[in-house]
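Reader: I am new to this structure and would like to go through it step by step. Could we take the questions one at a time, with the reasoning spelled out before each answer?

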Amino acid sequence: MIDRTAFHIGDAVIAPGTRRTVDLPVSVLSDHTPVSMSVHVVHGRRPGPTLFVSAAIHGDEVIGVEIARRVLRSPQLDAVRGTLLVVPIVNAFGFLNHSRYLPDRRDLNRCFPGSERGSLASRLAHLFMTQIVERSDFGIDLHSAAIHRTNMPQIRVTPGAEHTLAYADAFGAPIVIVSKHRAGSLRQAAQARGVDILLYEAGEGLRFDEVSARAGTLGVLRVMNAMGMIPRKGVSLPRERPAIASKSSWVRSPVGGLLRVFKGTGEAVAQGDLLGAVSDPFGDTEVGVRSALAGIVVGRANLPVVNEGDALFHIATTEAGEDAKSIRNLTAQIDADPMFDEDEII
C-alpha cells in the first residue's frame, strides 16, 4: 500500500483511513459563548482528490444540512480515496437564528474571499477560504431558495468550465443552468484560486423535502464516483443528460393581491402561457400572470399574498421537447432510486 500522509486542519491531525469532526474557532458571542465552524474530515487510506461539500452559507437554507448528514452516513465513504471535507453549517449565526444573514445583516455569499481583519462576515469567509477551499481540488455548495420560494433541483455552473459541466452531468439534477458568478460569491472567489464549484439549488428556506434531499445526496455521491473517490457499487448513475439552460428570468406580479398558481416547478411553458392569476380580496378584479418566454419553471413563489413587482415564477430557457422529457425522466428516477429507510423524511 502507498504510504499516505496525515491531513492537518486547524489543530487536528487526521490519520489515513480515519475520520473526525474538527471545530475551527470563528468568534465569541457577546455573552462569552464560543462559535466555531465544524468540518467533518474523511481521510482515505489511498491517495486521491480533495472534495469539499458545504451547506448553510445562508443560515435558513437547511436542506443542504440534511444532504450533508446523509452523505456522511453513506456506506460508500468506507472505501473513499482522497479526502472529503464536509461543512454542514458554514453560517452558524444565521442557522441558529433561522436567518439568511449574519448578525450584522451581511450576506456571507457576498463577502468572499474575506479578510482576517474585516467584518464578522469577512472573517468567516476568510476562514472558509483558507481552511477549506484552498485545501480542495473541487467543491459542491448546497443551497435552497429563500423563504417563501421553492426551487426544483438544479445545478449552477460557470460558463466555459468544461470539466465542471461534466461533473454537473454526473450529478444528475434535472436541469443545469449556466450562469455567471456574482461579485463576492464563494463560486467567484474559489474559481479565482483555481477551485471550481458546483452550486446545487433545491427546495425552500427553513423546509425539508424528500425530492431535494434525495437529488442532492445522490448527486454528491455521483460526483465522488466520477472523481474516482468512491466505487460505483450502490451509486445509481443518471440515465440521461440533464437539460441545459443558458439564461433564466423571473416573471413578476403585475398587481398586488392573492396569487393562484397554475404551473408548478419542472413544468414546460411556452411564451404567453398562463402561469397564475392575481385577484383582489373581493373577487372584483383578476389579472393573469403570463410567461414572457418559453422554457422550464425552475422556481416559484409559495406565498399567495403578493405585491406588485414581486418575483413569482423563475423560467429557464432550454431547448424544447427532449429537454422537457429528460427533466421528467430524471425527476422520476430520483423518486424511484432507493435510499436508506431511516434517512427518508417522514
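Reader: Which residues does alanine 173 touch, not counting residues up to four places away in sequence?
Author: This is a predicted model, and in it alanine 173 sits in the loop between helix H4 (162–171) and strand E9 (175–178). A contact requires heavy atoms within 4.5 Å. Leaving out residues up to four places away in sequence, the residues that alanine 173 touches are Pro153, Gln154, Ile155, Pro242 and Leu330.

Reader: Is alanine 173 buried or exposed?
Author: The cut-off for a buried residue is under 20% relative accessible area. Because the relative accessibility of alanine 173 is 1%, this residue counts as buried.

Reader: How far apart in space are alanine 173 and glycine 216, C-alpha to C-alpha?
Author: Along the sequence, alanine 173 and glycine 216 are separated by 43 residues. In space, taken from C-alpha to C-alpha, the distance between alanine 173 and glycine 216 is 7.9 Å.

Reader: Strand E9 follows that loop; which residue in E11 is the bridge partner of isoleucine 177?
Author: Strands E9 and E11 run parallel and are joined by three bridges. In the bridge that involves isoleucine 177, the partner in E11 is alanine 245.

Reader: Which residue in E18 stands opposite valine 251?
Author: E11 also pairs with strand E18 (residues 311–318), here in the antiparallel sense and over seven bridges. Within E18, the residue that stands opposite valine 251 is phenylalanine 313.

Reader: Which element gives the most to the lining of the largest pocket?
Author: The largest pocket has a volume of about 790 Å³, and the elements that give two or more residues to its lining are strand E7 (138–143), strand E8 (149–157), E9, H5, E10 and strand E11 (243–252). With five residues, the element that gives the most to this lining is E11.

Reader: Of the residues that line the largest pocket, which lie nearest its centre?
Author: The lining of the largest pocket divides into eight nonpolar, 12 polar and 11 charged residues. Among the 31 residues that line this pocket, those nearest its centre are Arg110, Arg156, Arg182, Glu201 and His314.

Reader: Turning to cavities, which residues line the largest cavity?
Author: The structure holds one cavity of 30 Å³ or more, and the largest cavity has a volume of about 30 Å³. Helix H5 (186–192) and strand E10 (196–203) are the elements that give two or more residues to its lining. The lining divides into two nonpolar, three polar and two charged residues. By name, the residues that line the largest cavity are Thr158, Thr164, Arg187, Gln191, Val195, Asp196 and Ile197.

Reader: The structure holds four aromatic pairs; what is the arrangement of phenylalanine 112 and phenylalanine 128?
Author: Phenylalanine 112 lies in the loop between helix H2 (92–96) and helix H3 (120–131), whereas phenylalanine 128 lies in helix H3, so that the pair links distant parts of the chain, 16 residues apart. Both phenylalanine 112 and phenylalanine 128 are buried. With 6.3 Å from centre to centre and 70 degrees between the planes, the arrangement of this aromatic pair is edge-to-face.

Reader: Why does the pair of phenylalanine 171 and tyrosine 200 count as tilted?
Author: Phenylalanine 171 in helix H4 and tyrosine 200 in strand E10 are 29 residues apart, and the pair links distant parts of the chain. Phenylalanine 171 and tyrosine 200 are both buried. The ring centres are 5.2 Å apart and the planes stand at 35 degrees, so the pair is tilted.

Reader: Which strands stand at the edges of the sheet with the order E15-E14-E12-E17?
Author: This open sheet is formed by four strands with antiparallel pairing. Each edge strand has a single partner strand, so one side of each is left without a neighbour in the sheet; the edge strands are E15 (286–290) and E17 (305–306).

Reader: Which residue in E14 is the bridge partner of arginine 260?
Author: Strand E12 (residues 257–261) and strand E14 (residues 274–279) pair in the antiparallel sense over four bridges. Valine 261 stands opposite glycine 276 in E14, while the bridge partner of arginine 260 in that strand is alanine 277.

Definitions and conventions:
Residues numbered from 1 in each chain as written. Predicted model: local features only at pLDDT ≥ 70, side-chain atom pairs only at ≥ 80, totals over all residues. Heavy atoms only, no water. Buried < 20%, exposed > 50% of the residue type's maximum accessible area, 1.4 Å probe, protein only. Pairing = 2+ DSSP bridges. 1 Å grid on protein atoms, 1.4 Å probe; cavity = no way out; pocket = protein on both sides within 12 Å on 5 of 7 lines; lining within 4 Å. Points joined across faces, edges and corners; volume = space filled by probe spheres on them. Nonpolar A, V, L, I, M, F, W, Y, C, P; charged D, E, K, R; others polar. Phe/Tyr/Trp six-rings, centres within 6.5 Å; stacked < 30°, edge-to-face > 60°.
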